[in-house]
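Me: Got a model open here. Can we walk through some of its contacts and pairings?

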Amino acid sequence: MNKKNLYRVEKDILGKVEVPINKYWGAQTERSRKNFKIGKEGSIPIEVIYSFGILKKCSAIVNFNLGKLPMEKKNIICKVCNEIINGKLDDQFPLVVWQTGSGTHTNMNINEVISNRSHVIMGNKLGVGKPLIHPNDDVNMSQSSNDTFSTVMNISAYKILIEKTIPSIEKLKNELRNKSESFKKIIKIGRTHLMDAVPITLGQEFSGYTSQIEHGINSIKNTLNHLSELSIGGTAVGTGLNAPKKYDKEVTKYIRKYTNIPFKVAKNKFESIANHDAMVESHASIKQIAVSLIKISNDIRFLSSGPRSGIGEINIPRNEPGSSIMPGKTNPTQCEAIIMVCMQIIGNDVIISLSGSSGNYELNVCKPLIIYKFLESSKLLADAINSFCFFCVKGITPNYNRIKYLLDNSLMLVTALNPKIGYEKSAEIANYAYINHITLKEASVRLGYLTNEEFEKYVDPYKMI
């Protein structure tokens, strides 16, 4: 095929660039695409693209309302933005995270696609003639990549949290709470330092998990206020150069309208463009959930270990064969999967922390990486929790016989004797029972400290919880 049939020529301030004939992007996008062939993964998340669609639409409306943009241009920009928001142009955004740290390439990718798509919608042939809608002068009017990319970072982060991440965590919290309630009368042995401790109910144990998750949810929600601050209107460095008066408030008002999220103008646009502490703070709360889930998942797989040679106090669903050589073996795979996800999230938190610290004077230069890792964590966590909740937690049942056996044979029930015969005699009973492989009751009687009746009266697990 003739090369002329594959490419068209676009121009930018550096000269001519060949662009695929069937793509709406322009010269700046193509330069980025060719200059940053880094890795096989790491495309700008589609959530960022959709958030850009919302922002560019709202900006066009406000620029029209303020008398800066003609109605015809406003209408066509909004039409293309609606196509972006509805996922009709997903294949027009090819750029990777590994680009300019301000996200300028992606902002221009959006601007160029809106410009060229508008040209075609208006009845023109792509690449023929000069588009009526200019990518910089019209689509990017009153904006800079520095304030637009910062703004869509917060929009996409806030949206993913309330639409996907938090609902999944709430579901897990409710399932754990249900288990806690249904297990509240099942007394088992507690453990500290991995060693036997005093009794606890299985319900109390699960109530601890429930509380962990509840605190994590509250932590994430507490970060939403800072995350709701938008830098739009700050333009290049936060001063608002080339943005008309009231532009920031009006654009934010329309973003609130189209997202139904209480976004507001950043209290200080210098802070919101040069730094992403809101992202650092919010992701730290996501990491908090991840830390909790590693603990909870490990507890569940240890409690279900065996089924005959481990602790085996609870049963978890047998979802798939666990070995290619050991017939009948099943493993706590959901626990293992979510632990790996949580470790990835903890790693992402380190990346976001380092990226957040890379604000040099008036601009953070790791913006694409921050939002890439933030959205990755948010989506991974939600998906892993949904899987863990449905395929593991929901199907957990107590192993009553094993729980009773371990409780009855625990040496730490002797703790109930402290107020009756003192710590030293109680310790002597426990040590004697351990060395001679007998029960606490037998040891108490042999040592002459208690009768059978007295032991049964004082050592009652139901009174120890």
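**Salt bridges and burial**

Reply: Start with Glu47: this residue is buried, with a relative accessible area of 18%. Keep in mind that the model is predicted.

Me: Which residue forms a salt bridge with Glu47?

Reply: Lys379 does, with the closest N and O atoms 3.2 Å apart. The pair links distant parts of the chain. Lys379 is in helix H12 (residues 367-391) and Glu47 is in helix H2 (residues 46-65), 332 residues apart.

Me: And Lys379, buried or partly exposed?

Reply: Partly exposed, because the relative accessible area of Lys379 is 26%.

Me: How many salt bridges are there by this rule?

Reply: The count comes to 25.

Me: What about Arg191, which residue does it pair with?

Reply: Arg191 forms a salt bridge with Glu313, the closest N and O atoms being 2.9 Å apart. This one also links distant parts of the chain: Arg191 sits in strand S3 (residues 187-192). Glu313 is in the loop between helix H10 (277-303) and strand S7 (314-315), 122 residues from Arg191.

Me: Glu313 buried or exposed?

Reply: Buried, with a relative accessible area of 0%. Arg191 is partly exposed, at 28%.

Me: Any pairing inside one helix? Where do Asp408 and Lys404 lie?

Reply: Both lie in helix H13 (residues 400-408), four residues apart, about one turn of the helix. Their side chains meet in a salt bridge, 2.7 Å from N to O. Lys404 is exposed, with a relative accessible area of 53%. Asp408 is partly exposed, at 41%.

Me: Back to networks. Which residues do salt bridges with shared partners join?

Reply: Lys188, Arg191, Glu205 and Glu313 are joined into one network.

Me: New topic. How many disulfides?

Reply: Zero.

Me: Why does Cys81 have no bond to Cys78?

Reply: The sulfur of Cys78 is the closest cysteine sulfur to that of Cys81, but the two are 6.2 Å apart, so they are too far for a bond. The cut-off for a disulfide is 2.5 Å.

Me: Is Cys81 buried or exposed?

Reply: Buried, because its relative accessibility is 0%.

Me: Last one. Where is Ser426?

Reply: Ser426 is in helix H15 (residues 423-436). Ser426 counts as buried, at 2% relative accessibility.

Me: What is Ser426 in contact with, leaving aside neighbours within four places in sequence?

Reply: Val414, Leu417, Asn418 and Ile421.

Terms used:
Residues numbered from 1 in each chain as written. Predicted model: local features only at pLDDT ≥ 70, side-chain atom pairs only at ≥ 80, totals over all residues. Heavy atoms only, no water. Helix = DSSP H or I, 4+ residues; strand = E, 2+ residues; numbered from the N terminus. Buried < 20%, exposed > 50% of the residue type's maximum accessible area, 1.4 Å probe, protein only. Contact = heavy atoms within 4.5 Å. Salt bridge = Lys/Arg side-chain N within 4 Å of Asp/Glu carboxyl O.
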